[in-house]
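Good morning, and thank you for the time. I would ask everyone to look at the sequence and the structure together while I speak.

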Amino acid sequence: MRRKEREVTDLTRIREILEECEVCHLGLVEDGKAYVVPLNFGYTLEDGKLSLYFHSAASGRKVEILRKNPMVAFSIDRSYHLITGPRGCDYSMTYASIMGEGRVQLIEKREEKRKMLFNLMKKFHGEHLPLEEKHIDAVLMLKLEVDSFTAKQYVTQ
């Protein structure tokens, strides 16, 4: 990381960034061409190991690409406010971000999907909502096992 003073290694702060952010941009590659898709996400962060969870339709371009190439990159970010100054080069933006890479698994077993959907709902709603079996069966869950990631932030006093 070029700007070491902006690196975040504290797991508590990394969890806060994950909670503050709502969208993960998932980067896939199909036949040498990049394809990026924004997705809401849930996560687990245990002993420094990060996993991200996404719900998806069971078919479509994203799923077709992942079946051929499960290796992905991702970016999660949040900007706070613009920093201004008298010159253009004085401008900046405060932010917090997490970027990384890993492998996506397509999860089709009902109980695994249920757990991941509960994880996703907890992030956005704060509690588990009832889920009917037919709705669980209708979705595909994507589990991104993150191989490596970095977190950084720029905040002003």
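Let me start with Ile-65, which is placed in helix α2. Please keep in mind that this is a predicted model. Is Ile-65 buried or exposed? With a relative accessible area of 1%, Ile-65 is buried, because anything under 20% counts as such. Apart from neighbours within four places in sequence, the contacts of Ile-65 are Leu-28, Val-29, Glu-30 and Tyr-35. One of these, Val-29, is 36 residues away along the chain, yet its C-alpha atom and that of Ile-65 are separated by 7.2 Å.

Ile-65 has company in its helix. The buried residues of α2 include Lys-62, Val-63, Ile-65 and Leu-66. These residues lie on the same side of α2, because they cover an arc of only 160° around the axis. Arg-67 and Lys-68, on the other side of α2, are exposed. And what covers the buried residues? The cover includes the strands β2, β3 (33–40), β5 (49–57), β6 (71–83), β7 (92–107) and β8 (139–154).

I turn now to the charged side chains. How many salt bridges are there? The count comes to 12. One of them belongs to the helix we have just seen: Arg-61 and Glu-30 are joined by their side chains, with 3.3 Å from N to O. Arg-61 is in helix α2 (residues 61–68) and Glu-30 is in strand β2 (residues 23–30), so this pair ties together parts that are 31 residues apart in sequence. The two partners may be described separately. Arg-61 is partly exposed, at 42% relative accessibility, whereas Glu-30 is buried, at 18%. Glu-30 also appeared a moment ago, among the contacts of Ile-65.

A second salt bridge is found within one helix. Arg-13 pairs with Glu-16, and their closest N and O atoms are 3.2 Å apart. Both residues belong to helix α1 (residues 11–20), where they are three residues apart, about one turn of the helix. Arg-13 is buried, with a relative accessible area of 14%, while Glu-16 is partly exposed, with 38%.

For a third case, consider Lys-134 and Glu-132, whose side chains meet in a salt bridge of 3.8 Å, N to O. Lys-134 is exposed at 57% relative accessible area, and Glu-132 is partly exposed at 45%. Salt bridges can also share partners: in this way Arg-110, Glu-111, Arg-114, Glu-133 and Asp-137 are joined into one network.

That network brings me to Lys-113, in helix α3 (residues 110–125). Which side chain of opposite charge is nearest to Lys-113? It is Asp-137, at 4.8 Å. Lys-113 is buried yet has no salt bridge, because a salt bridge requires the nitrogen and the carboxyl oxygen to be within 4 Å. Setting aside neighbours within four places in sequence, Lys-113 is in contact with Ile-107, Glu-108, Ile-136, Asp-137, Val-139, Leu-140 and Met-141. Asp-137 is therefore in contact with Lys-113, given that contact means heavy atoms within 4.5 Å. Asp-137 is also a member of the network I described.

Let us move to the surface. Leu-82, Tyr-91 and Met-93 form a nonpolar patch there, with about 280 Å² of accessible area together. Of these residues, Tyr-91 lies in the loop between β6 and β7. Tyr-91 is partly exposed, with a relative accessible area of 42%.

Finally, I would point out two residues with notable backbone angles. As a rule, most residues other than glycine have a negative phi. What is the phi of Asp-31? It is near 50°, a positive value in a residue other than glycine. Asp-31 is placed in the loop between β2 and β3, and at 71% relative accessibility it counts as exposed. Asp-47 has a positive phi as well, about 55°, although it is not a glycine. Asp-47 is found in the loop between β4 (42–46) and β5, and it is exposed, at 82% relative accessibility.

To close, I would return to the place where we began: Ile-65, buried in helix α2, and the salt bridge of Arg-61 with Glu-30. Thank you for your attention.

Notes. Residues are numbered from 1 along each chain as its sequence is written. This is a predicted model: local features need pLDDT of at least 70, side-chain atom pairs count only at pLDDT 80 or more; totals for chains, interfaces and linings use all residues. Side-chain values use heavy atoms; hydrogens and water are left out. Helices (H or I, at least four residues) and strands (E, at least two) are DSSP runs, numbered from the N terminus. Buried means under 20% relative accessible area, exposed over 50%, partly exposed in between (1.4 Å probe, protein chains only). The arc is that of the directions from the helix axis to the C-beta atoms. Lys and Arg count as positive and Asp and Glu as negative; His and the chain ends are not counted. Patches are made of residues with over 30% relative accessible area and no salt bridge: like charges are joined within 9 Å, nonpolar side chains (Val, Leu, Ile, Met, Phe, Trp, Tyr) within 5 Å. Accessible areas come from the Shrake-Rupley method with a 1.4 Å probe; for residues, only the protein chains shown count as cover.
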